[in-house]
Amino acid sequence: MSARIGVVTFPGSLDDHDAARAVRLIGAEPVELWHASDSLQGVDAIILPGGFSYGDYLRCGAIARFSPVMTEVISAADKGMPVLGICNGFQVLCESHLLPGAMIRNEQRHFVCVDQRLRVETNDTVWTCDFTRGEEITIVLKNGEGNYQADPETLKRLEDNNQVVFRYVNGNPNGSNHDIAGITNERGNVVGLMPHPEHCVEPLTSPSVDGRRFFSSLLEFLAGRS
Amino acid sequence: MPRVVVAVMPKPEILDPQGKAVTGALKRLGYHGLSVRQGKRFEIEVEGELTTERLAEIRQAAETLLANTVIEAYEVQVDQSPVGADETTAVDEPSATAEEYQL
């Protein structure tokens with residue numbers, strides 16, 4: 001039976017369809033999860049997609065964090081459920097305190113939309129086990145508030161525990177502390193990043209298909225677990 | 001109806017790109033020597049009496065939702081000026097009995 005991967009739709013989510021499409025392309029079954037529902041429908045993993053949940057009112061991800069589905073996501077993540085937060089999904093994970101730190105507006109005060117080079121800093125997570133440590137990949141990046149901030153103690157802890165998953169290379173596009181593009185929790189089941197792996201799964205529409213390996217990593221992890 | 005104001009500001013050590021943009025625009029308009037940091041102001045109308053418990057509850061709400069304390073600091077202040085009063089007066093002459101809570 002193929003893995004069932006939930007994709008949450010908040011009001012204002014944009015990339016839920018691309019995330020579901022990426023899941024399908026990799027041979028798993030996407031399951032639509034609605035923000036106002038408190039059911040995770042027995043999925044094996046969850047993706048919080050990009051977009052502008054609740055219009056980005058108050059702060060990016062701040063209102064989505066208190067939606068009924070997020071209560072369930074937080075409790076499942078605490079028990080080890082694989083969760084991937086992409087862009088706005090990363091912001092929701094930070095607001096939920098599933099990941100430390102917060103995102104502010106890009107230092108350059110521009111919305112960025114680029115083919116971003118990244119270095120994979122750890123493959124010791126559910127979503128990156130199919131990568132090689134130190135490998136460079138290209139994943140598209142598009143955001144206005146992707147400037148990752150955390151206090152010095154938190155940054156030190158992230159670095160010491162090997163929780164920085166992706167770092168920007170060839171220049172920092174948004175001013176993020178330590179060039180951080182993505183991080184994981186201590187357990188390695190929750191990963192958040194600003195770039196969009198779900199947009200990098202087909203040669204026709206993306207500069208690479210490196211995004212596929214996020215999903216193949218998950219499938220590898222799920223296969224190893226069962 | 002009692003009114004409570006929650007003011008949320010980016011922490012001093014956190015970069016404030018919006019404030020920087022406003023500072024730049026002011027300078028271009030000829031307003032020199034003004035450095036701006038931009039925050040948010042929430043005006044909260046409270047039903048019933050404003051007790052210490054009620055204020056503590058609002059403070060908790062500010063901590064939970066209105067501010068992200070990773071990057072922002074907040075202040076909770078009881079606003080005793082009548083609703084719709086001249087804003088300048090309210091800011092220049094804060095009530096002497098206003099209670100102030102700071103992070």
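In this predicted model, the contact between the two chains draws nine residues from chain B and 12 residues from chain A. On the side of chain B that touches chain A, the element that gives the most is helix 1 (residues 17-28) of chain B, which supplies three residues. Sorted by character, the residues on that side of chain B comprise seven nonpolar and two polar ones, with no charged residue.

From the contact one can turn to the interior, where the largest nonpolar core has 71 residues, and where V23(A), I46(A) and V83(A) are those with the most contacts inside the core. Helix 5 of chain A provides the largest share of this core, namely five residues. A second core, separate from that one, has 10 residues, among them M9(B), A62(B), L66(B) and A67(B). In soluble globular proteins, nonpolar side chains tend to be buried together. As for V23(A), its contacts beyond the neighbours within four places in sequence are I5(A), V7(A), A28(A), P30(A) and F215(A).

Helix 5 of chain A deserves a separate look. The helix covers residues 212-225, and because its 14 residues should span 20 Å at 1.5 Å a residue, the 20 Å that separates its end C-alpha atoms agrees with that expectation. Buried within helix 5 of chain A are R213(A), F214(A), F215(A), S217(A), L218(A), L219(A) and F221(A). The cover over these buried residues includes helix 1 (16-25), strand 3 (45-48) and strand 4 (83-86) of chain A.

S216(A) also lies in helix 5 of chain A, but this residue is partly exposed, because 16 other C-beta atoms lie within 10 Å, whereas a buried residue would need 20 or more. Leaving out residues up to four places away in sequence, S216(A) touches I26(A) and D130(A). Although S216(A) and A28(A) are 188 residues apart along the chain, their C-alpha atoms are separated by 9.6 Å.

A residue of chain B can be read in a similar manner. K11(B) sits in the loop that runs between strand 1 (3-10) and helix 1 of chain B, and K11(B) counts as partly exposed because it has 16 C-beta neighbours inside 10 Å. When residues up to four places away in sequence are not counted, K11(B) touches I71(B), E72(B) and A73(B). Between K11(B) and E49(B), which are 38 residues apart in sequence, the distance in space is 32 Å from C-alpha to C-alpha.

Definitions and conventions. Residues numbered from 1 in each chain as written. Chains lettered and ligands numbered in written order. Predicted model: local features only at pLDDT ≥ 70, side-chain atom pairs only at ≥ 80, totals over all residues. Contact = placed C-beta atoms within 7 Å. Helix = DSSP H or I, 4+ residues; strand = E, 2+ residues; numbered from the N terminus. Nonpolar A, V, L, I, M, F, W, Y, C, P; charged D, E, K, R; others polar. Expected span 1.5 Å × (residues − 1). Buried ≥ 20, exposed ≤ 12 C-beta atoms within 10 Å, placed from the backbone. Core = buried A, V, L, I, M, F, W, Y, C linked by C-beta atoms within 7 Å.
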